[in-house]
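Trainee: Before we start, could we go through the contacts in this model one by one, so that I learn how each term is earned?
Mentor: Gladly; ask about each term as we reach it, and we shall hold it against its rule.

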Amino acid sequence: MTNTFMLYAMREWQLLFRNSSTLAQPLCFFVIIALLFPLSLPAENALLQRIGGGVIWVSAVLATLLSLESMFKPDYHDGALEQWLIQPRSLTLAVVAKVFSQWSATGLILTLFAPVLCLTFRIPVEQIWVLFVGLLLGTPSLTLIGAIGAALTVTLHRGGVLLAIIILPLYIPILIFGAGMVTQSAQGADITGQIYALAAILTLALTLAPFAIVGALRATID
Amino acid sequence: MNPFVTVWDFFGRLYHRLASPREFYKISRFTTPVFGLLFLLLTAAGTYLGLFVAPADYQQGDSFRIIYVHVPSAWLSLFIYMVMATAGAIGLIWRMKMAYVVVICSAPIGAAFTALALITGSLWGAPIWGTWWEWDARLTSELILLFLYLGAMALYYAFDDRKTGERATAVLAVVGVVIVPIIHYSVEWWSSLHQGATVFRAGGPAMPSSMLTPLLLMALGFTFFYGYCLFLRAQNMVLHNERNSRWVKDLINELE
Amino acid sequence: MSAHEISAADSHGHCLAANNLACQRGERWLFEGLNLTVSSGTCLHVIGANGSGKTSLLRMLCGISRIDRGDITWQQKNIAGNDDYFSGLAYLGHKDGLKNEFTAAENLEFYQRLNFENDPAKVDEILAEMGILACADLPTFQLSFGQRRRLALARLLLVPRPLWVLDEPFTGIDQAGRNLIERLCVEHLAAGGILILTNHQSLRSGPLKPFLNELEL
């Protein structure tokens, strides 16, 4: 079992590092989106400080969404995915490995970089920690849920906007708890509830999403 | 004879009859007008009682009467999503053709009820809150639900192959139904933080029966309207899907 | 449409059977009521015009495509979720399943590990047998179409598998390559394997003739 997981995960990482542009793109997108907000809003530090957490969360959601488009499509187009379907190996584990490596190349990198972005929004250090923990718990769920949408649209030629329409509403709870956590902690309120909520969503996504992804792949690949 | 076995047997037979498009078509020829009639009777009674018999609200006056459209629509918007997800799961597990038809035909009806709930909610809000839109938990959840419906419809129409689209939409409906309660809970929590206008809570258990009876009649009537629309759409879809089969061709010959 | 029936005399070894199989694309039934049985040592050549459902049939037999009606069994057991079947199946479709970012050897090694083996020397041996050892360390995107095809076919040799399903294996391959593939197929069949393939030309005059069965869609 671990063998199957590692085999697929190693393959994904190798592919990611051969294609280093796929590693850099979501991060660049993340930073650019986040920087659009200060430029389009009144130049008040207090305002930026208040909205910073929400802006960074929205940017993380959009950057994750952007990376989903290329999650299954290359493997579908070159036929690798149909070979996965007929291996005597667990497709569910293969999918979990794929999601994990995809997350490590997008969500994890965004999370690690978010504190730097926080400084430009003048967010205090305590809230940077809150945002960091929130992103660390929330971004894996984003990738897991998003992968269901990516699998559903894998055979479509123009799936980008459709993927956004079907996935963004499902992202709302994660966004609410994640961004709400930052706002709450700025007001000095307790945030353990939201941490538990994000952890619960992650647990649920980890247990159910892989099966939904496999179901979606089997439903659409023909 | 064991009554349990008989009941089980009855459902088994019903299931097999409903599973076949042809049998479904026969049954729906009978049920569609019945549902339509029940809808007309119940909503007519509900409208009369709601508009003329129920007393005006002591705070809101007559403007509260929009509740008789708003609340049933909101109930149905959730109910139809549940039906879609259940039918989707049945279709995926037992590969039942008709279940997919229910999923696909329910989506636009559900979206319409959701839109109706949003519009009536906004109309209601105008005199009560003094604004067309309030970031209230229920309205926001309803708006998100509308996007879930629109997403399901967009996904279905994106596929060239009907069967692939049906299966993909069923998967999405099942995934959505797991997330809908989480969305609802998170939006509730978020709106409790939101310190704006005081949130208006409709009715509650204190509603007198002269106000409640028309509401229940309307809700039941709307449900039959959903059934009526669903069967009508499903009939069309079945005829379209099976247009190359023998029984549909015979049917057309009979008409001519 | 009439029912097709293909049976082979050999009742030993492996047996793949399809019962009352039907395939619908859009609103059109490509085939209905298809029955077939293929057992060890036989080659089934699926013949038909473009769009007659050859590829769909092959993909159904591999458990990739949805089955609209009927069922497929391997050793009398349904193939859905049957690990025993999938460890004995090799499929080569129109798409070769190779990653451009990897070298030829890396591509093959990944599939070898998927088959529970790890033996780089054997990969080199197989590449040599397919005549592409010189490209072993080239990134796959630098290979020509024919070389890629040979590399994809090399997957068949990684581990012995009783069932080969090949969709147009000779497309884009030169005469020497064709001879090579035919020789491999004959060896596979002689050892009791099963081969199901599509090809535009008749195979009646080739070396596969003694094993040949034809199925017209």
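Trainee: How many residue pairs are in polar contact between chain B and chain A, counting pairs with both at pLDDT 80 or more?
Mentor: This is a predicted model, and between chain B and chain A the count is two residue pairs in polar contact, with both residues at pLDDT 80 or more. The count of salt bridges between chain B and chain A is zero.

Trainee: Which elements of chain B give two or more residues to the side that touches chain A?
Mentor: They are α5 (137–158) and α6 (162–193) of chain B, and the largest share, 17 residues, comes from α6(B). By class, this side of chain B has 20 nonpolar residues, four polar and one charged.

Trainee: What makes the meeting of chain B and chain A a contact, and how many residues does it take from each chain?
Mentor: Contact requires heavy atoms within 4.5 Å, and by that rule 25 residues come from chain B and 27 residues from chain A. Chain B and chain A bury about 2200 Å² between them, with 86% of it on carbon and sulfur atoms.

Trainee: Let us turn to chain A and chain C. Why is the meeting of A:Asp75 and C:Lys99 called a salt bridge?
Mentor: The rule asks for a side-chain nitrogen of Lys or Arg within 4 Å of a carboxyl oxygen of Asp or Glu. The side chains of A:Asp75 and C:Lys99 meet at 2.6 Å, N to O, so this pair, with its Lys and its Asp, satisfies the rule. The count between chain A and chain C is six salt bridges, and there are 14 residue pairs in polar contact, both residues at pLDDT 80 or more.

Trainee: Which elements of chain A each supply at least two residues of the side that touches chain C?
Mentor: They are α1 (2–18), α3 (45–77) and α4 (80–85) of chain A, and α1(A) gives the largest share, six residues. Sorted by class, this side of chain A has eleven nonpolar, six polar and eight charged residues.

Trainee: How much area do chain A and chain C bury between them, and which residues of chain A lose the most?
Mentor: The two chains bury about 2500 Å², 52% of it on carbon and sulfur atoms. In chain A, the residues that lose the most area to chain C are A:Ile86, A:Pro88 and A:Asp222, which together account for 27% of what that side buries. In terms of contact, 25 residues of chain A meet 30 residues of chain C.

Trainee: What are the domains of chain C, and how far apart are their centres?
Mentor: Chain C is divided into domain 1 (1–88 + 161–217) and domain 2 (95–157), and their centres, taken over C-alpha atoms, are separated by 24 Å. The area buried between these two domains is about 1100 Å², of which carbon and sulfur atoms give 62%.

Trainee: Why does the pair C:Arg150 and C:Asp174 count as a salt bridge?
Mentor: Their side chains meet at 3.0 Å, N to O, and the cut-off is 4 Å, so this Arg and this Asp qualify. Between domain 1 and domain 2 of chain C, the count is one salt bridge. Four residue pairs are in polar contact across that interface, both residues at pLDDT 80 or more.

Definitions and conventions
Residues numbered from 1 in each chain as written. Chains lettered and ligands numbered in written order. Predicted model: local features only at pLDDT ≥ 70, side-chain atom pairs only at ≥ 80, totals over all residues. Heavy atoms only, no water. Buried area = accessible area lost by both parts, 1.4 Å probe. Polar contact = N/O pair within 3.5 Å; in protein donor to acceptor, adjacent residues only side chain to side chain. Helix = DSSP H or I, 4+ residues; strand = E, 2+ residues; numbered from the N terminus. Nonpolar A, V, L, I, M, F, W, Y, C, P; charged D, E, K, R; others polar. Domains from an automatic or database assignment.
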